[in-house]
Amino acid sequence: MRDSGSTADLKFVQQTVLDNHIITTFANSHHHTIEHHLTLLEDVIETYTVFQNTSEKTARIEMLSSFTLGMLSPYFEKEASGMILHRLQSFWSAEGRLKSEKVEDLQLEHAWAPSSYRVERFGAVGSMPVRKYFPFAALEDTENHVIWGAQLYLASSWQMEVSCIDNGLNLSGGIADFEFGHWFKNIKTRDSFVTPKAVIAVAQGSVDEISNKLVGVQIRNRSRLPEMEKELPIAFNEWCATWGTPSLENIKRIADCIKGKGITYLMTAEQF
């Protein structure tokens, strides 16, 4: 759905630059306006999309990406080669396993017929955003030692897509679309919808460098933490002590036992 007729129908309207924030506005033949927002944060870019229904009837959207990167790698004059897709897999107690694959192994090389459009789509459906993959992806140009990466900021169904068309790779992502996550949104007249944010970055080196950039931007949020949480306070989770059946009596015994041991938070399995 990334390069559907709806995308082709978009026409450039204007671009506004406000300090480190760039707003690019498009419009389509159905009287809808789409704004693409980019904000420079240190050495990463924060991006999101705004859909505005300026027509006289309700609009239904079935896909709206938070970010898109196109024609990677730009350092190749012809077809890109030596490109690697990096993803982070996740299962319970096995989070963050790096999975690196050549794009040729994913059948994302250029096809002999230009009409062929190849896509590797992945993500998570439901309220567990890291059930199989983390909302992260990176494309590495191993020949020129450059890597592009993206991370989504959302805790719901999401997707990322790596697609091959012409001689380049594209990376995009956001809320899971109607095909993948059965998501749609009805936007009433004069209403708007804002996508979850994403951060994108580019680095020279390996997947470690791009990961440091994407995660490092979160350090700015440390200034908003309560004073007691600035030094990573210890939390005690009693789940394996009561196995889901906490009571006033057994929680009090646990609290008495851990008292004076430097623990800040006592977490219970459910209310009792």
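**Figure 1. Arg131 and the residues it touches.** In this predicted model, Arg131 has Ser90, Phe91 and Val125 as its contacts once neighbours within four places in sequence are left aside. With Val125 we can be more specific: its backbone oxygen sits 2.6 Å from a polar atom of the Arg131 side chain. Arg131 itself belongs to the loop between E9 and strand E10 (136–141). At 44% relative accessibility, Arg131 counts as partly exposed. Look for Glu95 too: 36 residues separate Arg131 and Glu95 in sequence, and their C-alpha atoms are 9.1 Å apart in space.

**Figure 2. The whole chain, to get your bearings.** Five helices and 18 strands make up the secondary structure of the chain. Its C-alpha atoms fill a box of roughly 70 × 50 × 40 Å along the principal axes. The chain has 272 residues, and 39% of them count as buried. Take the contacts between residues at least 6 apart in sequence: 59% of these join residues at least 24 apart.

**Figure 3. An open sheet of four strands.** Follow the order E6-E13-E12-E9 and you have walked across an open sheet with antiparallel pairing. Strand E6 (65–72) and strand E9 (118–124) are at the edges with a single partner strand each, so one side of each has no neighbour in the sheet. On average, neighbouring strands here are turned by 10° against each other, direction ignored. Zoom in on E9 and strand E12 (residues 158–165), and you'll find an antiparallel pair held over seven bridges. Arg118 stands opposite Cys164 of E12.

**Figure 4. Ser73 and a cis peptide bond.** Here's a spot worth a pause: the peptide bond joining Leu72 and Ser73 is cis, with omega at about 5°. Ser73 lies in the loop between E6 and strand E7 (83–89). Is Ser73 buried or exposed? Ser73 has a relative accessible area of 5%, and buried means under 20%, so Ser73 counts as buried. The side chain of Ser73 also makes a polar contact of 2.7 Å with the side chain of Asp141.

**Figure 5. The largest nonpolar core, and another one.** In soluble globular proteins, nonpolar side chains tend to be buried together. In this chain the largest nonpolar core holds 35 residues, and the members that touch the most others are Phe67, Leu139, Trp158 and Met160. Which residues does Leu139 contact, leaving aside its neighbours within four places in sequence? The list runs to Leu72, Met83, Ile84, Leu85, Val103, Val146, Ile147, Trp148, Val162, Leu169 and Leu171. Apart from the largest core lies another, of 12 residues, with Ile147, Ala201, Ala203 and Ile210 among them.

**Figure 6. Helix H5, with a buried face and an exposed one.** Helix H5 covers residues 248–258, and its buried residues are Asn250, Ile251, Ile254 and Ile258. Viewed down the axis of H5, these buried residues fall within an arc of 100°, so they line one face of the helix. The general rule behind this kind of pattern is that an α-helix has 3.6 residues a turn, so residues three or four places apart point the same way. What do the buried residues of H5 pack against? Their partners are strand E17 (234–237), helix H4 (239–242) and strand E18 (263–267). Turn to the face directed away from the buried side, and you meet the exposed residues Leu248, Lys252 and Arg253. After H5 comes Gly260, with a positive phi near 80°.

**Figure 7. Two positive phi values outside glycine.** Glu42 isn't a glycine, yet its phi is positive, at about 55°. You'll find Glu42 in the loop between strand E3 (32–41) and strand E4 (44–53). With a relative accessible area of 61%, Glu42 is exposed. Trp243 also has a positive phi, near 50°, in a residue other than glycine. Trp243 sits in the loop between H4 and H5. Is Trp243 buried or exposed? Exposed means over 50% relative accessible area, and Trp243, at 57%, therefore counts as exposed.

Conventions. Residues numbered from 1 in each chain as written. Heavy atoms only, no water. Buried < 20%, exposed > 50% of the residue type's maximum accessible area, 1.4 Å probe, protein only. Arc of directions from axis to C-beta. Contact = heavy atoms within 4.5 Å. Pairing = 2+ DSSP bridges. Axes fitted to C-alpha atoms, helices over the stretch in contact; angles between N-to-C directions. Core = buried A, V, L, I, M, F, W, Y, C linked by side-chain atoms within 4.5 Å. Polar contact = N/O pair within 3.5 Å; in protein donor to acceptor, adjacent residues only side chain to side chain.
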